[in-house]
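Me: I would like to go through this structure term by term and ask what stands behind each word that is used of it. Please set each value against its cut-off before you conclude.

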Amino acid sequence: FLFCILVQQVADFNVAAAQQGIVYIDEVDKITKKAESLSISRDVSGEGVQQALLKMLEGTVVNVPEKGARKHPRGDSIQINTKDILFICGGAFVDLEKTISERRQDSSIGFGAPVRANMRTGGLTDAAVTSSLLKSVESGDLIAYGLIPEFVGRFPILVSLSALNEDQLVQVLTEPRNALGKQYKKMFSMNDVKLHFTDNALRLVAKKALAKNTGARGLRSILENILTEAMYEIPDVKTETEKISAVVVDEEVVGSVDSTGCGVKILHGVGALENYLTEQEQKQNDSVLSSSGGIYNDGEVEMEISSRVMNM
């Protein structure tokens, strides 16, 4: 299946280009060797899949069906040599940090030391501790996790990825071409409604995802919980004066990490969003002026005292 995509959709039946391509195999941790059982049948979901991939990873000539093997089982095949193809395998490898910790025999004594007993209980571990442990992964750890030595030996480079931080989660919400924020704004614009996220609201959403340990995949569920009520209310037919023109999501709407917010702020009427943003900007300016005014008053008092001292 991988080579069908490589030949037909990417290389456009150019065998020479396909033989120098890059193939990424995801969810490799799902084909780990299962526990030893009394069954004499072959493990077709774990070790059997790894053994079937060995020759392909090492380099061999593979017959790729030209039109797909399911609908055309007796169709023509294209021979592809996998010797010059770069294979990259990845996966989540849940709880691999526990295997690494046991190998390193991490001590529980000292400030900031990870407690092994807490890691064994299956509780949520700190993302920073997990990332630091995964940086020291070795081939023996993957073998202990369930991959066969022959499969691990065909990958000379082992790389771990660090967990996303708050700033990176905010970038996921805003910067990509199909970012979640842009998707919801496009969805709301279909009903002529503007959707506005404040910077503090986006950071609170990222903090909630970090607290739940769900990463970037948990951002959509958080936004769904915030915007569901508005998405049901917007399509209702209303008069021109009561028609919804904008929806605002700020820090009060998102709430804190441990509590829910107060619900989205729905604005009615033409130009409601511009008026709301102007009011918020005016409030910020007033707060800045009041704080700076206090500083100036203190300065004036100090100048008056110093002038009196000079006169004396």
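The exchange below takes up the terms one after another.

Me: What kind of model is this, and how many helices and strands does the protein chain have?

Reply: The model is a predicted one, and its protein chain has 14 helices and seven strands. Buried residues account for 30% of the 312 residues in the protein chain, and of the contacts between residues at least 6 apart in sequence, 63% join residues at least 24 apart.

Me: Why is L202 called buried?

Reply: The relative accessibility of L202 is 11%, and buried means under 20%, so L202 counts as buried. L202 is found in helix α11, and, with neighbours within four places in sequence left aside, L202 is in contact with V170, L173, T174 and F197. The C-alpha atom of L202 is also separated by 9.6 Å from that of E166, which is 36 residues apart from L202 along the chain.

Me: Why is S136 called partly exposed?

Reply: S136 has a relative accessible area of 24%, and the partly exposed class lies between the limits of 20% and 50%, so S136 is partly exposed. The place of S136 is in the loop between α6 and α7, where, leaving aside neighbours within four places in sequence, S136 is in contact with I100, R103, R104 and D141. S136 and E97 are 39 residues apart in sequence, while their C-alpha atoms are 9.4 Å apart in space.

Me: Which residues of α4 and α6 meet, and at what angle do the two helices pack?

Reply: Helix α4, residues 96–104, and helix α6, residues 127–134, pack at an angle of about 65 degrees, with their axes 9 Å apart, and their crossing is left-handed. From α4 the residues L96, E97, I100, S101 and R104 take part, and they meet T130, S132, L133 and L134 of α6. By class, the residues of this contact divide into four nonpolar, three polar and two charged. The buried residues of α4 are L96, E97, K98, I100 and S101.

Me: What makes the phi of F93 worth remarking on, and is F93 buried or exposed?

Reply: Phi of F93 is near 50 degrees, a positive value in a residue other than glycine. F93 lies in the loop between β4 and α4, and its relative accessibility of 14% falls under the 20% limit, so F93 counts as buried. A positive phi is also found in Q105, which follows α4 and has a value near 55 degrees.

Me: Why is N213 called partly exposed?

Reply: The relative accessibility of N213 is 43%, and values between 20% and 50% are classed as partly exposed, so N213 counts as partly exposed. N213 sits in the loop between α11 and α12, and has a positive phi of about 60 degrees although it is not a glycine.

Me: What makes F151 and F155 an aromatic pair, and why is the pair called tilted?

Reply: The ring centres of F151 and F155 are 5.3 Å apart, and rings pair if their centres lie within 6.5 Å, so the two count as a pair. Their planes are 55 degrees apart, whereas stacked would need under 30 and edge-to-face over 60, so the pair is tilted. By this rule the count comes to two aromatic pairs. F151, at 2% relative accessibility, counts as buried, and so does F155, at 16%, since buried means under 20%.

Me: Which residues have the most contacts inside the largest nonpolar core, and which elements supply it?

Reply: The largest nonpolar core has 28 residues, and those with the most contacts inside it are F188, I226, L227, V247 and V249. At least two residues of this core come from each of α9, α10, β5, α11, α12, β6 and α13. I226 touches V205, V249, V253, V254 and V264, not counting residues up to four places away in sequence. Another core, of 25 residues, lies apart from the largest one and includes L54, I85, V137 and V152.

Me: How closely do the axes of α9 and α10 come, and which residues make the contact?

Reply: The axes of α9 and α10 come within 4 Å and cross at roughly 30 degrees. V172, L173 and T174 of α9 make the contact with L180, G181 and K182 of α10, and these residues divide into three nonpolar, two polar and one charged.

Note on methods: Residues numbered from 1 in each chain as written. Predicted model: local features only at pLDDT ≥ 70, side-chain atom pairs only at ≥ 80, totals over all residues. Heavy atoms only, no water. Axes fitted to C-alpha atoms, helices over the stretch in contact; angles between N-to-C directions. Left-handed = near helix turned anticlockwise from the far one by under 90°. Contact = heavy atoms within 4.5 Å. Nonpolar A, V, L, I, M, F, W, Y, C, P; charged D, E, K, R; others polar. Buried < 20%, exposed > 50% of the residue type's maximum accessible area, 1.4 Å probe, protein only. Core = buried A, V, L, I, M, F, W, Y, C linked by side-chain atoms within 4.5 Å. Phe/Tyr/Trp six-rings, centres within 6.5 Å; stacked < 30°, edge-to-face > 60°.
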